[in-house]
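The following paragraphs lead the reader through one protein structure. They begin with a charged pair in a hairpin and continue to the strands, the core, a helix and a group of aromatic rings.

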Amino acid sequence: MTTLQRVTSEYIESEDRIRLTAISNAEETLILWITQRLLVRLITHFLGWLEKEAPEVARSSAVGSEAKSALQGMAQQSAAAKLQEQSAVTATSDSTTLLVKEIDIKMSEEAVLLVFKCDDDQKAELSFTVQQLRQWLGMIHRLWRQAEWPLSIWPEWMDDNQQANPVSSDSSLH
């Protein structure tokens, strides 16, 4: 299995999909295509987890839903503020291109592991801390808006954060 070290996420209008261009631990460049349908499932899972289980929210279980939403917004803004600009990962002519068919998710309090399952039983894994997950979701939210896809899956606390902390178009994570 290939381990991804750094990823650039982009919306490609001609494909109407999200493209992840990644550097692996073997210094190879991979291009992973993810459909909106698969992203909806992934995002819904992550947002549900963040709203119920994320460490910053779980510690304050006695507060109401409005306060939890405010806590989520603050945690999201904090993660976005800590995002460091990096140069984008760029594809080369010999980059492997894969369509992601499934994504396995393994979660703990400290980290999230994604296993992208592609054609020909090829797999690539990417891990995030909770902060990095929030940063990546912020980037995907921005790309979602750019794609003009329905925003109904996104909670208000993500929209509030987008207005306060725009991320440049060639930001990458890891």
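In this predicted model, Arg-17 has a relative accessibility of 21% and therefore counts as partly exposed, since buried residues lie under 20%. The partner of Arg-17 in a salt bridge is Glu-15, with 2.5 Å between the closest N and O atoms. Glu-15 is likewise partly exposed, because its relative accessibility is 34%.

Arg-17 belongs to strand S2, which covers residues 17–24. This strand runs antiparallel to S1, and eight bridges join the two. One of the residues in register here is Leu-4, whose bridge partner in S2 is Ser-24. The hairpin of S1 and S2 has four residues between its strands, and within this hairpin Asp-16 takes a positive phi near 50°. A further salt bridge brings together the side chains of Glu-10 and Arg-19, at 2.9 Å from N to O. With a relative accessibility of 24%, Glu-10 is classed as partly exposed.

Strand S1, residues 2–12, has another partner as well: S6, residues 123–129, pairs with S1 in the parallel sense over two bridges. On this side, Thr-2 of S1 has Ala-124 of S6 as its bridge partner. Strand S1 thus appears in two pairings, antiparallel with S2 and parallel with S6.

How many salt bridges does a search of the whole structure find? The search finds four. Besides the pairs already described, one of them joins Lys-117 to Asp-104, with the closest N and O atoms 2.8 Å apart. This pair links distant parts of the chain, as Lys-117 lies in strand S5 (residues 111–118) and Asp-104 in strand S4 (residues 96–107), 13 residues apart. Lys-117 is partly exposed, its relative accessible area being 23%, and Asp-104 is also partly exposed, at 29%.

From these charged pairs the account turns to the interior. In soluble globular proteins, nonpolar side chains tend to be buried together. In this model, the largest nonpolar core contains 39 residues. The residues with the most contacts inside this core are Leu-4, Leu-39, Phe-116, Trp-136 and Leu-137. Leu-4 has already been met as the bridge partner of Ser-24. Phe-116 touches residues from many places in the sequence, among them Leu-4, Leu-20, Ile-34, Val-100, Ile-103 and Leu-126. The contacts of Phe-116 also include Glu-102, Gln-122 and Lys-123, as well as Ala-124, the residue that bridges to Thr-2.

Leu-47 offers another view of how separate stretches of the chain meet. Leu-47 is placed in helix H1, which covers residues 36–52, and it is buried, with a relative accessible area of 4%. Which residues does Leu-47 touch, not counting those up to four places away in sequence? They are Leu-137, Ile-153, Trp-154, Pro-155, Trp-157 and Met-158. Of these, Ile-153 is 106 residues from Leu-47 in sequence, yet the two C-alpha atoms are 8.9 Å apart in space. Leu-137, another contact of Leu-47, is one of the core residues named above.

Helix H4 spans residues 130–147 and has 18 residues. At 1.5 Å a residue, H4 should span 26 Å, and because its end C-alpha atoms are 25 Å apart, the two values agree. The helix is mostly covered, as 14 of its 18 residues are buried. Just after H4, Glu-148 takes a positive phi of about 60°.

The last topic is the aromatic rings. A pair of aromatic rings is described by the distance of the centres and the angle of the planes. The structure holds four aromatic pairs. In one of them, the rings of Trp-144 and Trp-149 have centres 4.8 Å apart and planes at 85°, so this pair is edge-to-face. Trp-144 is buried at 1% relative accessibility, and Trp-149 is buried with a relative accessible area of 6%. Trp-144 also pairs with Trp-154: the ring centres are 5.9 Å apart and the planes meet at 75°, so this arrangement too is edge-to-face. Because Trp-144 lies in helix H4 and Trp-154 in the loop between H4 and helix H5 (156–164), the pair ties together parts that are 10 residues apart in sequence. Both Trp-144 and Trp-154 are buried. Ring pairs link these residues further, joining Tyr-11, Trp-144, Trp-149 and Trp-154 into a cluster.

Notes
Residues numbered from 1 in each chain as written. Predicted model: local features only at pLDDT ≥ 70, side-chain atom pairs only at ≥ 80, totals over all residues. Heavy atoms only, no water. Core = buried A, V, L, I, M, F, W, Y, C linked by side-chain atoms within 4.5 Å. Buried < 20%, exposed > 50% of the residue type's maximum accessible area, 1.4 Å probe, protein only. Contact = heavy atoms within 4.5 Å. Pairing = 2+ DSSP bridges. Expected span 1.5 Å × (residues − 1). Phe/Tyr/Trp six-rings, centres within 6.5 Å; stacked < 30°, edge-to-face > 60°.
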